[in-house]
Structures are given as structure tokens and as C-alpha cells.
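Reader: Could you walk me through this one and explain the labels as we go?
Author: Happy to! Let's have it in front of us.

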Amino acid sequence: MKYWKGIEELDNSPEFVKNAFAEFPDFLPVKEGRAGTADDASVAPRRDFLKLMGFSVAAATLAACETPVHKAIPYLNKPEEVDPTISNFYASTYFTGSDYNAVLVKNRDGRPIKLEGNPESPVTRGGLSARAQAAVLNLYDGARLRQFAIKGKPVEFEQLDAAVRTGLASATGKVALVSPTIISPSTKRAIAALTGRYRNVEHIMYDVNSASGLIQANGGVLPAYDFSRANVIVSLGADFLGTWISPVEYSRQYVTNRKVRADNAAVKPTMSRHFQFETALSLTGSNADVRVAVKPSEMGAIALALYNAVTGAGATTGLSALAQKQVTQAATELRNNRGASLVVSGSNDPAVQAIVAATNQALGNVGTTLSLSAPSFVRQGDDARMTQFVNELKSGAIGGVIFYNANPVYDHPRGEEIKAALPKVALSISLNDRLDETGSLCQYQAPDSHWLESWNDYEPKRGFMSLAQPAITPLFKTRQAQETFLRWAGSNESYYNFLKDGWRTVLGANGGFQAAWDKVVHDGVANGSALTTTPFTGQVISVADATSRIGSTAKTGIEAVLYEKVGIGQGGVEANNPFLHELPDPISKATWGNYVAVPRKMAEAQKWSQGDVLKVSANGKSIEVPVLVQPGQAEGTVSIAVGYGRTKTGKVGDSVGANAFVLAQSTASGTLYHNIVTLEKTGATNPIAQT
Amino acid sequence: MDRHEVVQENTLAKYQKNPKEVTEYELIATPDGLEKPNKVSLWQDYQYNDHHWGMAIDLNSCIGCGSCVIGCQTENNIAVVGKQQVINRREMHWMRIDRYYSSNHHEDEFEKNGKLKTYAEMEDPSDNPQVIFQPMMCQHCNHAPCETVCPVLATTHSSEGLNQMTYNRCVGTRYCANNCPYKVRRFNWFSYYSNEKFEDVNGHMFTDLGRMVLNPDVTVRARGVMEKCSMCVQRIQLGKLEAKKQKRRPKDGEIVTACAQSCPTEAILFGDMRDPSSRLSQLLRREDGERAFHVLDSINVQPNITYLTKIRNGSAEFFPAEENA
């Protein structure tokens, strides 16, 4: 017997079959606009509506009968530890050049479906940042490259390897391998194998959220901080709970001193005291006990005033009365907590960082709340070297470039210059996972596998190592970059063996290696060290020198600070992740796109209201972003998030917001993420989606 | 203008002096004088014989980073809705972090300047406000207002204290969302997994490749149903099953919700309130009358989620709000 609901179904006309799969008939619009704004043409007559609904119901019923049959094939030999519908957890590591997290990968029927914090890790102790949580989605990103290619033509691994080896051997001039910070000892060895074979290859690291000023001021190392041992914390614009250097690690440390309980009458509950001097209201500032809104140009003077107040080296002038009062208060409390306090600064100016380093030195904090002997490795980028690279690229001194997860065309302040110079380079290779702004300008595409498909090791801090293991075989015909480097260096060793050999020195080469190795693979973390700091060649800036440099930075005009969002960050792989776009900013609660945050007084004076699009100009470049009125924003300043305005990241992230990296200053001493800007109303409006 | 019933904070100095005075508890008038709201009720209480799941959220530890929001989203296959739908207030996050601004410079002005003037001034936000974060999700009320209004029994109370949604019973009246005092219920306005309007933002639910990320333990909800925090019931069931296979009770700390697992600062503690030795029970006993409070306690919905008052270490004496204004 046959049941049918209408003539269309009975006839089974081609048009019916076509429409049967659509949930909504496409001529029945689902109205988007607010009530009253829709024009009559978009409103279907009621009779049509009923007719169409009747059709849809019949169509949907029929469509349901035609579900294609998927075959499930049982295992011929079932892997011992894999049971259908039972999840397994594998230890691994997330590091994307910004925050480091030891993770456990929840693997269900062979697919990684969730990341959780690894409680075994002494660094992140089971915590996981929002960005790391969302990273599992990046594995299944449809915008990833699916095979190796030469000039857009798909090729096999071997063909590309042979072509690159020839190219490297015959390259004239320098070949630059540009990457973000690498904290993997084995990756560094693989790169060393490559640079060892081709003497003209030089490895350049640069960080989008650079700490090169901090590194320079501390004699070439990035100090490791311990906020849990600090009773008084003074932060000069460092968003250490949100985005600065190692936020997950710092959050846990910070909070150990903030949890209170009153069940022991003998011990009074205590808490650390946290002073924050900053421009934009950051996640860290919103948690501070005392927050003072200051301009970025005042930051140097505040660091200096704090140093002088701590050491008793005389008063500093030029601060507002409020800032002066708070600095004095902070200095008093710092002095009362010698060896148990901490001053940090988010500035990338080596002079400011030199003053901060001297303050910590004067307070006896070195060796207690901050360590220089067991430093952190998560930022190693050298801004000056990168600037030199851009100049060399423009002058034609560079014969070849290799980009390894680096996208300077988008995220370097001089990206446009790189974009113009790249096509002229004889050999250009990209190992980026997609055809992004930089990769699309390269001749060779050798996409790196996702970290969930790869072996790797990491050393975020001296003495703390962790491992990443593949949780799935590569989804596409990609190869992990380290193996690619080994092939180009002429080695046929697998990266797994290469990495495991390296760990013999970490774990000790004696008989028990296999057992120790198995434990590391199981736990994901281990104690040991394999990274060395690069010998520091520069000169540590003296306090007197720094003072004179800070003295000459007074500015007029509206100052803009560029900051990172907790979700999107630097706009790397995160930029095509819809979870992070829709994660409301902790403070402004805005989703999907960036904006220029202005203080209320400025908005009132200029007659800007929320959603008005402004043209923000600096360096002769400009971007257009809507206004958001932000309480807590310092007077005379605005702030704009970086990481938006991608053009070649994928469907989700393309043309969401505007690229604020163009407003950063690229100076001789490093990239500065603040600038003097001019703001101009364009007349357009762009609503901000706040939750 | 008071938010004391919703979010509470106090200073360390006061806490050191007397921890019993840092939290304000609403009392309601009865014939026998002022009483705690839960002393007067028309409702019958549930009997929990086996487990009574609950959570405690320490507002002192919560830094507002949003890790839990994303942890919840990946665990529970929550759809991404895109910019326009966020503007239409239709985001689907089961867990959100409420952020309140505040400033304390109106504290004693009621007497000095009069109420009307002070209220008018309060409309004018402070230039450098204090900020407080409050993670907000389904409170799993024991006297849940949403449960009583559902005409089809799609939202019911479990024998373990969970307020649970049965998606295939839901007909989408949205009465429950209307009646929820915490506004944590989310309605599915569209088929986010197949409606082409959402292909750009929610694309991972459209392709075989992207769908690999979905958690098979949690339904992808269809258009026209209400959804909300389930307290990760799939994780609870898994934990109970594992324990049962080993012929024992679930151990404290063995079962954690996705939000509690992801929290970098351990602000969220999940546990069994029926088990007197669980960390949660110990914490609630310790903080009872001190920092523990329920949001909107006076309406007596008796949530299973308890918050702990935020303690600040900044004294009003040098908090800069006044001078900056």
C-alpha cells in the first residue's frame, strides 16, 4: 500500500524532489529585522503560508524516508584500548605562540572531541584557557589546506621536498625561516638540522604579542613569575590574568592568595593586594583591588615614580595627583613586603621594563617572586631582528623565505611592505595550515599538520617539559612541519624517533628509558630541561639611561592602546573559530568583531554614540570600527582589539572587524602597541552585538 | 538599584572582623516575625535518597576569563548563532558570565543629598567603576518555577536534584523561560545545524568533517525546543555507571562538570550534597551564614547552586572612584 499527502508527492515531479530537502521553502523568508521594519514584499500572504507549510510537511515526511544508508564496518582487529562509545583520554600539550596549556584530549571512537586541563602539570595545574578549550574545533576547520602544492598545483610530499631542496641549495643570499616563538626542544633541533645543512638559512622568531622589551631589560631572559608568593602585586598595564605571557599559570598562582576562609579563629584570613595602573579596562584590572586609569604615555613616568618611591631616590613630578597618591600608597606597601611583592609591566619599551626590573631588584623579589635562573621560554621573539628582516626583504637581500605558522603580512605593523616585497623573492615557502594572507603569496605550500595530529615536546619554563602526541591520524594529506624540516635537511628519520632520541638525554640514557618514556607519554608532563637561552648580546639598560629615555616621551593628542582579547587573541588560528568569536568579551560583553572603546566623557564631548563608525588613523593608515562607550577607559585615550579583520582565514573569520595591527608602531627598539591616533566620524553605523 | 540579592561583595577588613556580617540575607515577614524565606513555603520538599547534586561558585576566585563558557559549549554541542542573532538576544550559551559595574561613592549620600537626587546621580556611571563577575547558569532550583508552568512536562525534577529537560516532549511554549528568575533558558529559534543562514558561523555542524567534533553523548537540539544547563548529566551518569561497574559509590571529585573541570582558578566546585563528607558539603557547612548565599533567595526557589560572597582587599579610603569622577 502507498500513502501520499498530495499530488506532488504522488507524481514525484523533479521539482518536488528538489524542494523536499529544503527545510524552509526559500521563497518564504524568515524575517530578520525588528517588527515594523519589514517591507510588504517580504511578508508572504497567509494563504501562501498555509499552502507552503502543507507542502513542507509532506516534503519533510518523504525526505525522511530517503535518508541515505551509511554502512558501519566493525573492526577486523579491535585495538585493545578502544571500545566503541567509550572515551579515552590522552595527555597532550597546547601551545600556539601565546598561552601554554597541558591538556588531556578526550578521544571518542578515534575522534578528539574535547580538551580538558591536565591536573598533572605543575605549570597549568588542570586549568585551561578559553582559547585552548575551543582549539579542538580548529582541527576540523574546513579552511585548512588539504595537500602540498606548488604554485597552486597539488603535489606529493616527495615532489615538493625535491623542489625545495634544489631551491634551498641554489638560493642566492639569505634564506629566512620566520616563525613565532618555539618552545619545543626537538623542533629547534629539527630546524638546526635544516640550518646546518643549508648555511644560508637563518631562523627568525618574532612574537605578535611581543615581550622583547622585557627580555632585553632582563639580560636576555624572560623572568618566570610566581604570583602566589606575592602579598602585594603592582601591574603597570600587564593583563596577566587575561592575555599576558602565561595567563592560565598566573591565574592559578594569583588566586591561591585570594581565596579566603574564616573557619580557623587563630588565623586571620588574608589576601594579596593588587594595584593596577592601566589604560583600557582589562580582565586583570577588573579584578584589582585598586585600579588607576592612566594614559600609555604616563606609564614610564609611573614606573619611574614607583622606583623612586621604593628606593627613596627622590620624588618624580609630572603625575596627576591621583596617580601620585596611588603610587605612593603602592610603594609603601611594596616596601613593607620586601621579597614578597611583585611589579610587572606589559610595556614593550625596554626602558620601562628596565625600571621595573630595577624596582623588583631593589625590593629583593629576584629569587622569590620572580626567577631569572629558571626563566620562562614562552616569548623569545626579537623585534629588532624582525625589523631587520623586513628591511632586507625590501632591499632584495633575501633570496628565500620559509614561513612556519607565521603570518606577518597580517599581524606585523609593516605587513603591507612585506606583502609588496614577497612576490619578488625567488623562493617562498609556507608551512602555514591555510592559504592565509602570507601563505597565499608563497609559491610552495607544505601545510603543517594540526598539533592534535602530531608528536611534539615543549618546555614552557626551565625544568618543566611536556609532550604532545597524535590523537588522530592526519585528516588531510599534510605532514607535520618538523618532519618536513628533517626531509629538507636530507634525513629520512621519522620525527617520532628523532624526538624520542632527544628525550634520552632528558630522562637519562640508562636501561630504564623505555619505562620512563612510557610514563611521560602517559602523564604528558615530566621534569627535565632541554632548552637553552640564547646568549644575550645586547646591553642591559641602566636606570639612569632608562630615566633619560622615559623623560622624553610626553605626548599630546588622543592615545590608542592595542590590546588582545581573551578569546581571539592575536588572530591566528583562533580567527576562524566561531566559539571564540561568540565568546563575549569579559568586560564589554561584545561578540563578533572589534570596536574602538572610548571613555564616556570623550563620547559625550564628540557626540559619538555607541555603534557610530569612526575612522581611526595613525602611521598614515586607517581602519573603520564602531564606537563602544567603555567605563574605566582612561581619559583622552581609546583602545582597539587586535586579531580581527582577517581576509584569508576562512568563512567564519573573514572580514569580521578591522585589522588594528596597522596602527602599532614599529620602532628600532621594538613594536609598541600604542600610538597617537586621529578619530573621525564616518556617518555610518555598525551595531555591536553585546550579550 | 540594589543588586544585593543577586551578587554580594564586602571588604577584607569587615571579613576579618566578623565573617558572619559580610553577606546580607533577605528575611521575609511572617506572623512569627522575620524568618528565612525557606521557612515559609507552599511547596512540598523533594526527598533525595541517593544523590543531591549541587555546585558552589566562589566569587572571590572567579576572574571572569570565560573558560567555562567555552568548556560548556564544546561539551554540550551548543550552537553558534552569529552576530545578528546575538543582537536579537538569541545566543545559545548555557553558561554566561554576568559582569556588573559598581562604585561605592554613593554609599552615604542617601542621608546627605536625599533619595531622588542620589538615584539620579547613580544613573551617571562612574568613570572608573569596580567590576564583579558572576557565572550564571541553570540554578537547578528545588522549587523550580519553570517546572510548574510547563504544560507538557518537558521540564521536570530528577530524583537527584537536577532540573532536567526532555527535548522531545518540548513543544516550545517558552512559558518556562518566561518564568525563570535567572533567565538561563535558551530557545532554539532555528535549525542551527541545517539552516543555510547559519552555515558561515555554525559551519562545523554542517559538514561530516566538522560534525566529528560533536559530543555523541549530547543531543544536537532541534528547532522549537528549549534548552539549558543540564549540570552535565551525561558526565554524572557516566561517573555513576563506572562506580556501579566496580560495585561502589561514586567518589567525591570523580564526577566533575565541564565548567568546573575547565576553571583555571577552581572557582566552581561540583559535588554531592547528600554525602556529608564531600568537599561541597563541607564547604557549605563551613560557609553557612558567612559567605554562602543563593541568588534571589527571597523568592524561595531554593537553588542547588550556592555562591560565595566576593571579598575585596581595597579599603574605601583609597579606592579612587570619587576623585576620578
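Author: This is a predicted model. Where its chains meet, chain A brings 65 residues to the contact, and chain B brings 65 residues. On the side of chain A that touches chain B, strand 3 (111-117) supplies the largest share, with five residues. That side divides into 31 nonpolar, 15 polar and 19 charged residues.

Reader: Thanks! Why is A:I245 called buried?
Author: Count its neighbours: 24 other C-beta atoms lie within 10 Å of A:I245. The cut-off for buried is 20 or more, so A:I245 qualifies. You will find A:I245 in the loop between strand 9 (232-236) and helix 9 of chain A.

Reader: And what makes A:S655 exposed?
Author: A:S655 has 11 other C-beta atoms within 10 Å. Exposed means 12 or fewer, so the label fits A:S655. A:S655 sits in the loop between strand 25 (637-641) and strand 26 (665-667) of chain A.

Reader: Why is A:A340 called partly exposed?
Author: Its count is 17 other C-beta atoms within 10 Å. That falls between the limits of 12 and 20, so A:A340 is partly exposed. A:A340 lies in the loop between helix 12 and strand 12 (341-345) of chain A, and the residues it touches include A:R229, A:N231 and A:T368.

Reader: What is the phi of A:I245?
Author: Phi of A:I245 is near 60°, a positive value in a residue other than glycine. A:S655, not a glycine either, has a positive phi of about 50°. Most residues other than glycine have a negative phi.

Definitions and conventions:
Residues numbered from 1 in each chain as written. Chains lettered and ligands numbered in written order. Predicted model: local features only at pLDDT ≥ 70, side-chain atom pairs only at ≥ 80, totals over all residues. Contact = placed C-beta atoms within 7 Å. Helix = DSSP H or I, 4+ residues; strand = E, 2+ residues; numbered from the N terminus. Nonpolar A, V, L, I, M, F, W, Y, C, P; charged D, E, K, R; others polar. Lists of a residue's contacts leave out its neighbours within four places in sequence.
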